[in-house]
Every structure is written in C-alpha cells, then in structure tokens.
Amino acid sequence: MGVFSTVLGFFGFGVGVTIGLVIGYFLFIYFQPTDVKHPLIRPIVELDTKSLESMLPEIPHWVKNPDFDRIDWLTKFVEHMWPYLDKAVCKTAKEIAKPIIAENTAKYKIDSVEFETLTLGSLPPVFQGMKVYTTDEQELIMEPSIKWAGNPNITIIVKAFGIKASVQVIDLQVSALPRITLKPLVPSFPCFAKILVSLMEKPHVDFGLKLLGADVMAIPGLYAFVQDMIKTQIANMYLWPKVLEVPIMDPAKAQKKPVGILHVNVVRAVKLMKKDLMGKSDPYVKVKLTEEKLPSKKTSVKRSNLNPEWNEEFKLVVKDPESQALELTVFDWEQVGKHDKMGMNVIPLKDMIPDETKSVTLNLLKSMDSNDPVNEKFRGQLTVELTYNPFKEGDADLDTCDESGTIEKAPDGTPEGGGLLVVIVHEAQDVEGKHHTNPYARIVFMGEERKTKHIKKNRDPRWEEEFQFVCEEPPTNDKMQIEVMSRPPSIGIHSKENLGYVVISLADVISNKRINEKYHLIDSKNGRIQLELQWRTS
C-alpha cells in the first residue's frame, strides 16, 4: 500500500509540472500585459537638466560652447605618442628639477633628493576641445581644454639628518584650461619666437600622496588644505593675465633681413707656427660671420708654407653690422684626422666705414678669451682687406627670386659689364660610393673651388647651400664643373671617392638669367643632382 501511494504521488507530481508548463507557455504566447509601454524617444535638446546630467555626467567643451572645436585627432595622436612623450617629459622634468633641488638642498640642509621612479603612467591626457582666436597681431592664440586622469608613479627619496624617507605621488587628476600664445610669428623655423602660457581658470588638481607607505591625504583636514594651497599657488603664478614665457629664439634676429655685402680678401699670413712633425704646415683660412648658421667659406690649402699668400675673395651677407663680426680662423690641413687650429681673430663690423676698403693685419690668437695666458705666445699674423657695401634704398632683399620669378639685381660694387653668378646646390639623389657614401658637392669655376657640407651615410643628400662668384664680364663661353664627392670616415683606410660629376655650359644661364634643373651625373649609375644658377647684373 505504501509503495502504491508513493508511485501515485510521484506520478501526480509529474503530471502537475507538465500541465503547469503547458499552461504557462500558452499564456505567455497568446496573452500580453496591458501596462507595458514602448519607450519614448525624444531629441536631446528636449531633455531636462537632470536627464542630461544622468546621461552625460561630463559634457565636453565642444558641446557646451559652440566656439570650441573638436580635436579628437590630437587626443589619438597623443595616445599613440604617449610612451615616447612619457620618457621625453620625464627626462626634461629631471633636468629642470636638478638645479632647483641643488639650490634648496643646501638651503634647508638636506643631504640629497633623488627620483627613485618617475613615470607618467599609461593613461594619456584627453583634449576635450580647443578654441582658436584670430587677431590682427602676429600671433596665434589657442585654448585647449585638457583633462588627465593618470596613473603616474613618482617616487622621491629624501635623505636628511641620517634619515631616509620616500614620498610617492599616485592617482593624479588634472583639469585645466590653458591659453597658449605663439608670438611673434617669424619667417624662420619653427615660425614663432616665444610660447606664452597662462591659465584661464583655477585648475583642478587631485592626487594621492604616500609618505613612508602611509596615505597622508587620509589625515582629516589635510586634503582640503593641500587642494586649496595648490590652486592658490598655481593661480598666483600663471592665472591670466600672468604668463609663463618660454623663449624659442630671438625675434629680432629671426626677422632681420640682409642689409649689405661684406667683401673679404684674404691676402696673406706670415710667420705661422709649425704644426707638422715632419715638414711645414699646410695652412688654409675659414671665413664666416658671427650669428650665422651658414657653413664657413674656405680658402685653398697652401702646401708646406708658413708664409702663404692667397689673395682670395669672398662675399658675405650682412644682417646686423652693429652686432656681427668677421671671424677668421687658420687651420693646418691634415690628410688623416682632425685639422689643427693654428690661430684665430675677429673683426667687429661696427668699426667698418661703409664703401671704404680697409686693410687689417691681425695677430693670431689661441682663443678669444682675453684672460687666456696662452694668447701671449706669438702664432703669426694674418692680413685681410675688407669692404662693406650697405644696400641702397630700393635694393631687393636676398631672396633668390620672388613669386613672379624675377631675379634680383647684383649688389653695388659689382664690376660694370660683369655680374654675380649665383649657384644654389639643392640636393642629389641615388648617389652611392663603393666603400662609403658621405656626400658633399664640390664646385670648380674660374680657378675657384667651393664645397658644401658633407652629410654622413646618405644616398639622397639635401644641402640647400648658396655660392656666389663675382665675374668681371659675362662668362658666356665658360663652363662650370660640379662634382659629388664622398668623404671617407675619419678612421679607415679608404680615400675620398668621386660619386659623379656634371659640366654645365653657362651660356644658357647668361641668356635666360636663371635655370633650375636636375642633371644626370656622369660616371654614376643613377645619380642626379638638382642645381639652380642665376645671373644677376646691376
């Protein structure tokens, strides 16, 4: 009886479950509740403030302010560059902090302050928008909105009075709206002379601070005090209209234009010092103006001669005769290794009388330090003749040509009936040496030789260097040879190599006033060189 009841109970339970599932499925499929409503879709502009705040807890500036532009591309760029920016910024921060730490450690009698770890973490800042201003001044004004919730690890070890303590900064959060001004805009790279930075509102700075492993910010009242102190100190230093000025270049020098031509005739040197152990020295002279980044011009080398005569002329472009000086340096040429400096001296241009030739004999010095005792030793004398020709009103500045392609006139002092032949060596392509490829260009014309700087290990060198030759008469029947040479490494057994050359007839240059072409190099498989030649007359 007990077994039968058990079987019936089990059977009845099974039937009940089955019937319940069937009825439930039928009700779910064929009956729908009447209190369910479809969601209401509305434009964002119709939502109230609370709804917007729940959907967008942090609204970007480009949404709130129509004059802010989206700069998602900059955020992506910084994201990809962040591993490299992290290292660069940390290295710069250490260099800036080093003298500040050295000054304060002595002041407060601290033994040492060192960075144990310094990294900005893996999370880059986010640029939420940028406002750009246009003004009538030579400046560019930007206001980027920056937010950074980073995970930096900055640990500083402080040693003082025999105690060693570690301070760690973690979980840094920064929100700032800086104004970055690039001014003045100048025609020299990077095209601005200064960076001015100021804050348009007090920044939000939040971070964790651990001292000896303990969270200092957990101390009651300290967190609010530190926050207020940081905001106040930063505001006192950089809140607009106060600015942080970062100089990039001297704007006066960047905007200076040529004002004249200095004619230099290197005449002779006498009683030079003997530099070679065997035989006499092989002197040559380098000529350049101070405050210029152009390569020096060089005379020819006089072999085994301590009283050389050159009588070689050079033309240098002057931008500021009040501050610039002519720098003359005599070297001893060496087949292998560095060329020895035999002596030097300078001539300030402010002492020059315009359009008047001046002959100067200089005592060669070891250095320009007047207190250097080694300058008392006699090193020989150098004689030069100088003529400074300032440009007259209406003379063109020294651009090779303007937008219309017009060639400027030769400066005053150019021989009548003659002119100025200008050679601009732009670049070469596909040049290759047998043992080395350190190319430079060598120009040979009317017995004169000029060279560009050499570029190491480059098959496609770019020089962009200009050379000038004063001609008594138009070189209609003359030719100019330009060679591309490869300079051997300072350590090695190989000599210089000729990578190719080209010979140019100057008749076309004289008739057309200007040519700018690419030439295939002779004795080169695929080498080419781009040259620009101009004929300027007064």
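Strand β12 (residues 283–289) and strand β15 (residues 325–332) pair in the antiparallel sense, and seven bridges join them. This is a predicted model. One bridge can be named: Val287 has Leu328 of β15 as its partner. Strands of a sheet pair through backbone hydrogen bonds, either parallel or antiparallel.

The two strands belong to an open sheet of four, in the order β13-β12-β15-β16, with antiparallel pairing. Its edges are β13 (297–298) and β16 (340–348), and each of these pairs on one side only.

**The whole chain**

How many helices and strands does the chain have? There are seven helices and 26 strands. The chain counts 538 residues, and 36% of them are buried. It exposes about 33,700 Å², with carbon and sulfur atoms supplying 57% of that area. Contacts often span long stretches of sequence. Take those between residues at least 6 apart: 65% of them join residues at least 24 apart.

**Two nonpolar cores**

The largest nonpolar core has 29 residues. Which of them touch the most other members? They are Leu421, Val425, Met480, Ile529, Leu531 and Leu533. Many elements feed this core. At least two residues each come from β19 (419–429), β20 (439–445), β22 (462–471), β23 (479–486), β24 (497–505), α7 (507–512), β25 (514–520) and β26 (528–536). A second, separate core holds 27 residues, including Leu272, Leu289, Leu326 and Met342.

Look at Ile529 in the largest core. Leaving aside residues up to four places away in sequence, Ile529 touches Val425, Glu427, Ala428, Ile482, Val484, Val502, Glu517, Lys518, Tyr519 and Leu521.

**A loop between β19 and β20**

Is Val431 buried or exposed? Val431 sits in the loop between β19 and β20. Its relative accessibility is 0%, so Val431 counts as buried. Its contacts, again without residues up to four places away in sequence, include Pro439, Asn458, Val484, Leu499 and Gly527. Val431 and Arg528 are 97 residues apart along the chain, yet their C-alpha atoms are separated by 7.4 Å.

Asp430 lies in the same loop, between β19 and β20. Its phi is positive, near 55°, and Asp430 is not a glycine. Asp430 is partly exposed, because its relative accessible area is 30%.

**Salt bridges**

Side chains of opposite charge can pair when their charged atoms come close. The structure holds 15 salt bridges. Three of them are listed here.

| Salt bridge | Distance, N to O |
|---|---|
| Arg70 and Asp72 | 2.5 Å |
| Arg462 and Glu427 | 2.8 Å |
| Glu483 and Arg442 | 2.6 Å |

Start with Arg462 and Glu427, whose side chains meet in a salt bridge. This pair links distant parts of the chain: Arg462 is in strand β22 and Glu427 in strand β19, 35 residues apart. Glu427 is buried, because its relative accessible area is 15%.

Next come Glu483 and Arg442, which also form a salt bridge. They too link distant parts of the chain, with Glu483 in strand β23 and Arg442 in strand β20, 41 residues apart. Glu483 has 10% relative accessibility, so it counts as buried. Which residues share a network of salt bridges with Glu483? They are Arg442, Glu449 and Lys451.

The pair Arg70 and Asp72 has another setting. Arg70 is partly exposed, with a relative accessible area of 48%. Asp72 is partly exposed as well, at 32%.

**A nonpolar patch on the surface**

Which residues make the nonpolar surface patch of about 500 Å²? Trp73, Phe77, Met81 and Tyr84 make it. Trp73 lies in helix α4 (residues 72–107). Trp73 counts as exposed because its relative accessibility is 60%, and the cut-off for exposed is over 50%.

**Backbone details**

Where is the cis peptide bond? It runs from Lys183 to Pro184, with omega near -20°. Pro184 is placed in strand β6 (residues 178–185).

Ser304 has a positive phi of about 45°, although it is not a glycine. Ser304 is found in the loop between β13 and β14 (309–318). With a relative accessible area of 46%, Ser304 is partly exposed.

Key
Residues are numbered from 1 along each chain as its sequence is written. This is a predicted model: local features need pLDDT of at least 70, side-chain atom pairs count only at pLDDT 80 or more; totals for chains, interfaces and linings use all residues. Side-chain values use heavy atoms; hydrogens and water are left out. Patches are made of residues with over 30% relative accessible area and no salt bridge: like charges are joined within 9 Å, nonpolar side chains (Val, Leu, Ile, Met, Phe, Trp, Tyr) within 5 Å. Accessible areas come from the Shrake-Rupley method with a 1.4 Å probe; for residues, only the protein chains shown count as cover. A salt bridge is a side-chain nitrogen of Lys or Arg within 4 Å of a carboxyl oxygen of Asp or Glu. Buried means under 20% relative accessible area, exposed over 50%, partly exposed in between (1.4 Å probe, protein chains only). A nonpolar core is a set of buried Ala, Val, Leu, Ile, Met, Phe, Trp, Tyr and Cys residues joined through side-chain atoms within 4.5 Å. Contact means heavy atoms within 4.5 Å. Two strands pair if DSSP finds at least two bridges between them.
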